[in-house]
Every structure is written in C-alpha cells, then in structure tokens.
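Dear colleague,

Please find below the structure that I am handing over to you. A summary of what was found in it follows.

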Amino acid sequence: MNRWKRSPNALFSIAAHVLLTGTLATIAVQTQAQAPESLPQPGVRQFPKAAERGTLVVTAPPEARLNGRADRLSPGARIRDPNNILVMSGAVVGQTLTVNYTRNAGGLIHEVWILNADEAREKRAGAAPTRNFVFSSEADVPARDDGKTPFDKLPKYPKQ
C-alpha cells in the first residue's frame, strides 16, 4: 500500500500555510479596529428617519396601546429589545415600553425598537403630546361643573 511520506518540502508547505492564515487573520482584526468614525459603532443603533417615539403596551397580540390609544401590530411585526434581539409580542404583554416605531403602508405598527436609557434621552418626533389639553378621562381629578359654562345660558325651547 502506498502511503504519503512526509518530506521536508511538505512540512515547509504546511508551516507556510499556517503562518499565512495567522497573518491574514491579524490583518483583518486590525482593519476592523481602524473603522472610520462615519460607520455605526457596535452597540449604537441607527433608527430610520421616519421612526417616531411612543409608549407601547401590548395588551393581547396583535392588539396594543400606543400613546394611550388602541392600535394594532402588523402581521410579521418585528419588536427588538435594547440589545437588538428579536422579541415575540407575547413576551412583552402588559409592559409599558418606551419605543421607536414605524408603520407599514396599511397604518399598522410594523417595526418596534425598545429603547435603552441613552436612546430614550434623544429627541425624536412623536415624543411630546400633540395636544395642549387633557381629556377628563385622563385627569387625576374628576371633572365638575362650576356653573360658569355657557351651556346653562342657552334659551329653553319647548318640547315638540
């Protein structure tokens, strides 16, 4: 039976390949370490410009409340946690989450990013309320009539 005999040339070839592989791996690591500042750094997420800020509570998937209003998650909605790992909507049921989100063409919530403390401090559209009044259902004190409303001064019409 013929066997491969190790010759000095074969050992030299194996050593050269190992050395070359190690050198290329070192160069690749150094190249990654010298990435330009314009590229996103690891751990810093880049959100689309269209993403808005909100407070999300998943009630019973796909039903949710976004900024206190009833809303719906789209089929195939993607929810990402602060580590950018996909989370199933059933895993966050009942939790109040500060998020960035985008909607699909049908108006349903499609992509959701759960924010960490640093990301939540950044300003983004949708973070502030869009109205300058409070509904009586949202107020801490129940509404009461002080008698000064103009409705008590309307003329009385006879019933027909």
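One point from the structure may serve as a start: a polar atom of the Asp81 side chain lies 3.0 Å from the backbone nitrogen of Asn83. Please note that the model is a predicted one. The remaining findings on Asp81 come after a short overview.

Overall architecture

The protein contains two helices and six strands. Read from the N terminus, the order of its elements is α-β-β-β-β-β-β-α. Of its 160 residues, 18% count as buried. Among contacts with a separation of 6 or more, 63% are between residues 24 or more positions apart. The exposed area of the protein is about 13000 Å², and 58% of this is supplied by carbon and sulfur atoms.

Asp81

Asp81 belongs to the loop that runs between β3 (69-80) and β4 (86-87). Which side chain of opposite charge is nearest to this buried residue? It is that of Arg45, at 5.7 Å, and Asp81 has no salt bridge. The cut-off for a salt bridge is 4 Å between a side-chain nitrogen of Lys or Arg and a carboxyl oxygen of Asp or Glu, so the distance of 5.7 Å to Arg45 does not qualify. Arg45 is nevertheless touched by Asp81, as are Val87 and Ile114, when residues up to four places away in sequence are not counted.

Asn100

A second buried polar residue is Asn100, which has a relative accessible area of 1%. Asn100 is part of strand β5, which covers residues 96-103. Its side chain makes a polar contact of 2.8 Å with the side chain of Arg53. Leaving aside residues up to four places away in sequence, Asn100 touches Phe47, Ala51, Glu52, Arg53, Glu111, Val112, Trp113, Leu115 and Arg124.

Salt bridges

How many salt bridges does the structure hold? There are five, and three of these pairs are described here.

Glu111, one of the residues touched by Asn100, forms a salt bridge with Arg78, with an N to O distance of 3.3 Å. Glu111 lies in strand β6 (residues 109-114) and Arg78 in strand β3, so this pair ties together parts that are 33 residues apart in sequence. Arg78 is partly exposed, its relative accessible area being 35%.

Arg72 and Glu63 also meet through their side chains in a salt bridge, at 2.2 Å from N to O. Both partners count as partly exposed, Arg72 at 37% relative accessibility and Glu63 at 33%.

The salt bridge between Arg121 and Asp118 has its closest N and O atoms 2.3 Å apart. Both residues lie in helix α2 (residues 117-121), where they are three residues apart, about one turn of the helix. Is Arg121 buried or exposed? Arg121 is exposed, with a relative accessible area of 58%.

Nonpolar surface patch

Finally, Leu20, Leu24 and Ile27 form a nonpolar patch on the surface. Together these residues have about 290 Å² of accessible area. Leu24 lies in helix α1, which spans residues 8-33.

With kind regards

Terms used. Residues are numbered from 1 along each chain as its sequence is written. This is a predicted model: local features need pLDDT of at least 70, side-chain atom pairs count only at pLDDT 80 or more; totals for chains, interfaces and linings use all residues. Side-chain values use heavy atoms; hydrogens and water are left out. Helices (H or I, at least four residues) and strands (E, at least two) are DSSP runs, numbered from the N terminus. Buried means under 20% relative accessible area, exposed over 50%, partly exposed in between (1.4 Å probe, protein chains only). Lys and Arg count as positive and Asp and Glu as negative; His and the chain ends are not counted. A polar contact is a pair of N or O atoms within 3.5 Å; within protein, one must be able to donate a hydrogen and the other to accept it, and residues adjacent in sequence count only if both atoms are side-chain atoms. Contact means heavy atoms within 4.5 Å. Patches are made of residues with over 30% relative accessible area and no salt bridge: like charges are joined within 9 Å, nonpolar side chains (Val, Leu, Ile, Met, Phe, Trp, Tyr) within 5 Å. Accessible areas come from the Shrake-Rupley method with a 1.4 Å probe; for residues, only the protein chains shown count as cover.
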